[in-house]
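Student: Could you take me through one part of this model closely, and then show me what else is worth a look around it? I'd like the local detail rather than a broad tour.

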Amino acid sequence: MPGLAPATLGAIRISDPVRERQPDPTRRRPSHSLKYSIFSLARNALSHHEHWPRAWRSPAPKPRYDAVIVGGGGHGLATAYYLAKEHGLTNVAVLEKGYLGGGNTGRNTTIVRSNYHLDPNAHFYEFSLQLWEGLARDLNFNVMYSARGVLNLVHSPADMDTAMRRGNAMRLNGIDARFMTRDEIARWIPNLDCSPDARFPIHGGLLQPRGGTVRHDAVAWGYARAADARGIDIIQQCEVTGIRIERGAVVGVETTQGFIATAKLGLAVAGHTGRLAGMAGLTLPIETHVLQALVSDPVKPVLDTVVTSGAVHFYISQSDKGELVMGGDLDFCNSYSQRGNLPIIEHVVGACLALFPSFGRLNVMRTWGGVCDMTMDGSPIVGKLPIKGLYMTGGWCYGGFKATPASGWLHAYTIARDEPHPRNAAFTLERFAQGRTIDEKGVGPVPWAH
Amino acid sequence: MLLIPCPWCGPRAQIEFTYGGDAAVQRPSPEAPEAVWVAYVYLRDNPAGPHAELWLHSAGCRRWFKVRRDTRTHDILGSASPGAALPGAPT
């Protein structure tokens, strides 16, 4: 091939002028960083694991960065990591008001999947699932991706038609999908009540075999460590209190650790995106709602897949610690409180017992809540905001965890090039005013109904 | 469990009610410019703090009313019939 072949990811060029800037070699890989391997594990075992280096630094903020990311959860850390890795942008800070992964990254139920019907969602989440598949190797950190399958139960002939339609749409988009009969499911999951007289009779199910779970905390830690190793400053206990804008462009952020100048500001604060955007004078098509989850006491392995039911509003999997992790619907009223109310817990437990009667012997060990950006069409907003230098990845509704790698990758691309990638081009803020909503469930602008 | 004060039935458990969303949203006139309609359909203030909202006493008197509730604590600050003013900050 004549000339220089640009770096590619699939058919997409990712080489650009930003990438050609030479990063400061002193910031490339801090001396404390260490490659995790069987050898480092053995070496540290000899010294009783007392000499492992810190996985990332805790630097004081510099007065100016090329880009600042607000939010030290999975999405913000992933954005910073891919800014450094894909675009050579390493003079970047991640600002976190609490501690890393202390928000929704540490509160979700760890499910990953790409079983979407609409094309923009299917392409986006499939890209994310492909990144999950290679993430542990990429980050040199075991994120414990477990392709245990995600099974959506079907409870009526109408449900069956919908599941077939979605499965076919997935296959047309190159995504794995398989319809399972009731008998196949009954053999695979003996605890599940597949009898004809069950409270919610099971007619079959749509399985995505490559779906599954990922250890949520490890995602934050793995991205943080890998971003830090590439020179990104991760600054915890640093809350953004204002966004400074001059002549229609971002010039920096006010924080609890002082003013930090930057011309590129990315928001990765789902649950609180409305508040941060409000600091820039924007009102978003988002409401904040609380989603609860709960775990049982830990037991030996009883469930080796993820089971969900749209009709019953319920999903369940078993963690590696043995707890059954389950959840259901939102609490259905605006909330920033990170805790919910008992009626939803009661509903989730009721649904669990209807599907898995034997789980009635377990105790609820712990319940918690996380606050979600609920958008007006149930799909995220990943891209530019109408102020120069301001970007966001948010509006995840209650499905943000599985999006983490793609969200970070595409947010980074949009920030570095000041234009969206084809994979996030549809997820604009402007789509609402333009009538281009991406409404997977088709319920209209009722944010708590998605 | 929220204890929601229905203006007609008094305090009742949350499970008797259905949420109706932001009570500050006002339907524009049919002649209003498109941007006003877009804001009405899609944009929400989404405050972290006191929030004026609509509730329906669906398993009770089946009437709509307004509640002011703090979205950070779930404390209910007051309720009123749809035409009346809520106690506390103006809606």
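Tutor: What follows starts with one helix of chain A and then moves on to helix packing, loops, sheets and the contact between the chains. Keep in mind that this is a predicted model.

Let's begin with helix H3 of chain A, which covers residues 74–87. Is H3(A) mostly covered or not? Mostly covered: 13 of its 14 residues are buried. Its length checks out too. At 1.5 Å a residue, the 14 residues of H3(A) should span 20 Å, and the end C-alpha atoms sit 19 Å apart, so the two agree. Right after H3(A) comes Gly88(A), with a positive phi of about 65°.

Now zoom in on Leu77(A), which belongs to H3(A). Why does Leu77(A) count as buried? Because 33 other C-beta atoms lie within 10 Å, and the cut-off for buried is 20 or more. If you set aside its neighbours within four places in sequence, Leu77(A) is in contact with Gly72(A), Val94(A), Ala220(A), Tyr223(A), Ala224(A) and Ala227(A). You can also follow Leu77(A) to Leu139(A): these two are 62 residues apart along the chain, and their C-alpha atoms are separated by 12 Å.

That brings us to helix H4 of chain A, residues 119–139. H4(A) packs against H10(A) at an angle of about 105°, with 7 Å between the axes. The two helices are therefore roughly perpendicular to each other, since angles of 65 to 115 degrees fall in that class. On the H4(A) side, the contact is made by Phe124(A), Phe127(A), Ser128(A), Leu131(A), Trp132(A) and Leu135(A). H10(A) brings Pro405(A), Ala406(A) and Trp409(A). By type, the residues of this contact divide into eight nonpolar, one polar and no charged.

Two loops beside these helices have backbone angles to check. As background, most residues other than glycine have a negative phi. Asn140(A) goes the other way, with a positive phi of about 55° although it is not a glycine. Asn140(A) is in the loop between H4(A) and strand S6 (150–154) of chain A. With 15 other C-beta atoms within 10 Å, Asn140(A) is partly exposed. Cys397(A) also has a positive phi of about 55° and is not a glycine either. You'll find Cys397(A) in the loop between strand S21 (390–394) and helix H10 (404–417) of chain A. What is the burial state of Cys397(A)? It counts as buried, because Cys397(A) has 22 C-beta neighbours inside 10 Å.

Still in chain A, there's an open sheet of three strands in the order S11-S12-S13, with antiparallel pairing. Its edge strands are S11 (240–246) and S13 (258–261), each pairing on one side only. The twist averages 25° from one strand to the next. S11(A) pairs with S12 (residues 249–255) over six bridges, in the antiparallel sense. For a position to find on screen, try Arg244(A), which stands opposite Gly252(A) in S12(A).

Over in chain B, four strands form an open sheet in the order S3-S4-S5-S6, and the pairing is antiparallel. Here the edges are S3 (18–22) and S6 (76–80), each pairing on one side only. In this sheet the twist averages 30° from one strand to the next. Strand S5 (residues 64–70) of chain B is joined to S6(B) by four bridges. Two facing pairs help you line these strands up: Arg69(B) is opposite Ile76(B), and Arg68(B) has Gly78(B) as its bridge partner. The hairpin of S5(B) and S6(B) has five residues between the strands, and there His74(B) takes a positive phi near 70°.

Finally, look at where the chains meet. The contact takes 22 residues from chain A and 19 residues from chain B. On the chain B side, the elements that give two or more residues are helix H1 (34–42) and strand S4 (50–56). H1(B) gives the most, with three residues. The chain B side divides into nine nonpolar, six polar and four charged residues. Note that S4(B) turns up in both settings: it gives residues to the side that touches chain A, and it is also a strand of the four-stranded sheet.

How values were computed: Residues numbered from 1 in each chain as written. Chains lettered and ligands numbered in written order. Predicted model: local features only at pLDDT ≥ 70, side-chain atom pairs only at ≥ 80, totals over all residues. Contact = placed C-beta atoms within 7 Å. Nonpolar A, V, L, I, M, F, W, Y, C, P; charged D, E, K, R; others polar. Buried ≥ 20, exposed ≤ 12 C-beta atoms within 10 Å, placed from the backbone. Expected span 1.5 Å × (residues − 1). Pairing = 2+ DSSP bridges. Axes fitted to C-alpha atoms, helices over the stretch in contact; angles between N-to-C directions. Parallel < 35°, antiparallel > 145°, perpendicular 65-115°, else oblique.
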